[in-house]
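Q: Please choose one part of this structure for a close look, and then follow its surroundings outward until the rest of the model comes into view. I would like a connected account rather than a list.

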Amino acid sequence: MSAPVTHVDAEALAEFRAGLATGRRGARIAAHLAGCDRCTALDDQLAGVSVLLASVPAPALPDRVAQRLDAVLAAEVAGRDDPERAGREPSPEPGTPSRRAGHRGFRLPSWRVLVPAAAAAAVLLAGGGYGLSLIAGGSGSHGIASSAGSAPSVGGGANRAAAPVGSAHAGASARSALMSPANFTVVTSGADFTEADLGQALAAELRVPPAAGTEQIPSTRMRACVQHLAGGADLVRVLSARYEGQPATIVVTRTGQGEEAWVAGPDCSGANRDVLARTSLPSGI
Amino acid sequence: MPEPGRPWPSDQELLGRHVAGDADAFGELFRRHRDRLWAVALRTVCDPEEAADALQDAMVSAFRRAADFRGESAVTTWLHRIVVNASLDRLRRRSARPVLPTGDEQAFEALVAQDGDPARAADTRLDVDAALRLLPPHQRAALVVVDMLGFSVADAAAILDISPGTVKSRCARARTRLLPHVRHLQGNRSATESVQPAQGGDT
């Protein structure tokens, strides 16, 4: 077989790139590449696969998974004083220390700062119910049990607060649960905002917590859109609603001074903001 | 990896504290890495529910087996290894119901189409995630660890518990297999630089 007509197939090229084609075989491929545009182009494309993969942003850890991991970890810590480890483990008493609730070992949900620790677990059950059941459905159902069961050890005396779930959630207020642009939920709203009353209508919308069942996990595209709009700012709420009659994503961020709302059209993505409107909301509405 | 100049303790130090009974140390260590660990789990099992289960399994396993860590590799390598194993375990357990038959062009199209909005098909991550599902799990795990997370072949070998040569060949096969499905994306990103017009021997 003469070299000029025998092109190198993609797998052989990939192996060559990976350093697997050595010796005479490697030399033959190298020689062929030096004189063949077609195989060089293919080789470049193969290199491009790795470049492309490296450029894809990592998916964010969803808050509901983070919360579940925190709860499971708290249970592990609490259960550490089993016979095997009893000798050396000064394990915390579940339910003792309200002070422990704020310690740094665990990342409580981001609203920890604003919600009394005791309510945090209850909020997790109420507000995070959708996410938890989504994640923990089917094979993962132990997740619910362990999250719920261990929540008290995360939040100190949270078991007492767990009963009045609804009131704890309401007490936490819709505004206080700041979300990160990397981990957030989208609230589907029937509202159709207009340019004239955007600020007022949004303020009214934000005054009440999202209705049950309206919170969803964002699509990849929406996540990219929201991250693009919010930059690094914390999110107060992300709404999937309408603006002047057309579908719109409304992103409310917390800024130093107050809150900033962005209204983005359906073309909003990681590459294109498609901003239809923007307004500032006074803080503490 | 100890990070000189940083005020916080190294991974190894945290793990040591955990083994010695510090109740907070493991949480701090895991929190440091869990975003990346999530990415590994999610991309290896291609299903958020399974990934959450895998990550949880791995976390519990690492928590309990911390004393077994011998320091032969970086703590982060060890953690990744546990997560990859937990992920592959999950895949094995549900092998009766695979995500997609591998290498099935139609399934790939269906997967892309299933996302409805055609504009979303342009979303690189979505497309890449969909294409990754076409790979056999072991090839996918190798590619995720090397190309997406940027581990060296040697570290990847430790994470995947295979030889460096096997890492290379799995990655090579995976890239070959992925190429037809992601070629159209290469123009969107920095990958453009590497796809030059055919001008091979420019001597």
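A: The expected span of a helix is 1.5 Å times one less than its number of residues. This is a predicted model, and the part to begin with is helix 3 of chain B, which covers residues 48-65. With 18 residues at 1.5 Å a residue, helix 3 of chain B should span 26 Å, and because its end C-alpha atoms are 25 Å apart, the model agrees with that expectation.

Within helix 3 of chain B, the buried residues are Glu50(B), Ala51(B), Ala52(B), Asp53(B), Ala54(B), Leu55(B), Gln56(B), Ala58(B), Met59(B) and Ala62(B). Leu55(B) deserves particular attention, since, leaving aside residues up to four places away in sequence, it touches Leu37(B), Trp38(B), Ala41(B) and Val83(B), as well as Leu69(A) from the other chain. Leu55(B) is also named, with Ala41(B), Val83(B), Ala142(B) and Val145(B), among the members that touch the most others in the largest nonpolar core, which has 84 residues. The greatest contribution to this core comes from helix 2 of chain B, residues 25-45, which gives 11 residues. A second core, of 30 residues, lies apart from the largest one and includes Ala224(A), Val238(A), Ala264(A) and Leu276(A).

The chain around helix 3 consists, in terms of regular elements, of 9 helices and 0 strands, so that reading from the N terminus one passes through α-α-α-α-α-α-α-α-α. Of the 203 residues of chain B, 44% count as buried, and among its contacts between residues at least 6 apart in sequence, 63% join residues at least 24 apart. Confidence in chain B is uneven: its mean pLDDT is 80, and 74% of its residues reach 70 or more. Over residues 98-122 of chain B the pLDDT is below 50, although the model has 30 contacts for this stretch beyond near neighbours in sequence. Another stretch, residues 189-203 of chain B, stays under 50 in pLDDT while having 31 contacts beyond four places in sequence. For the complex, the predictor gives an ipTM of 0.76 and a pTM of 0.52.

The contact with Leu69(A) leads across to chain A. There, helix 4 of chain A, residues 63-78, has 16 residues and reaches 22 Å from its first C-alpha to its last, close to the 22 Å expected. Because 15 of its 16 residues are buried, helix 4 of chain A is largely enclosed by the rest of the structure. Chain A contains 11 helices and 6 strands, and buried residues make up 44% of its 285 residues. Of the contacts in chain A with a separation of 6 or more, 66% are between residues 24 or more positions apart.

The strands of chain A are the remaining piece of the picture. An open sheet is formed by 6 strands in the order 2-1-3-4-5-6, with mixed pairing. Strand 2 and strand 6 of chain A stand at the edges with a single partner strand each, so one side of each is left without a neighbour in the sheet. Taking the pairs in sheet order, strand 2 (residues 215-216) and strand 1 (residues 186-193) of chain A pair in the antiparallel sense over 2 bridges, with Glu215(A) as the bridge partner of Val187(A). Strand 1 then runs parallel to strand 3 (residues 234-243), the two being joined by 4 bridges, and here Asp192(A) is partnered by Arg242(A).

From strand 3 the sheet continues in an antiparallel sense to strand 4 (residues 246-254) through 9 bridges, including the one between Ser240(A) and Thr249(A). These two strands form a hairpin with 2 residues between them, and Glu244(A) in the turn has a positive phi of about 50 degrees. Strand 4 is joined in turn to strand 5 (residues 259-264) by 6 bridges, again antiparallel; Thr253(A) has Glu260(A) as its bridge partner, while Thr249(A) stands opposite Ala264(A).

Finally, helix 11 of chain A, residues 220-230, lies across strand 1, strand 3, strand 4 and strand 5 of chain A, and runs at about 45 degrees to strand 4.

Methods. Residues are numbered from 1 along each chain as its sequence is written. Chains are lettered from A and ligands numbered from 1 in the order in which they are written. This is a predicted model: local features need pLDDT of at least 70, side-chain atom pairs count only at pLDDT 80 or more; totals for chains, interfaces and linings use all residues. Two strands pair if DSSP finds at least two bridges between them. pLDDT is the predictor's confidence in each residue, from 0 to 100. Two residues are in contact if their C-beta atoms, placed from the backbone, lie within 7 Å. A residue is buried if 20 or more other C-beta atoms lie within 10 Å of its own, exposed if 12 or fewer, and partly exposed in between; C-beta atoms are placed from the backbone. A nonpolar core is a set of buried Ala, Val, Leu, Ile, Met, Phe, Trp, Tyr and Cys residues joined through C-beta atoms within 7 Å. Axes are lines fitted to C-alpha atoms, for helices over the stretch in contact, and angles run from 0 to 180 degrees between N-to-C directions.
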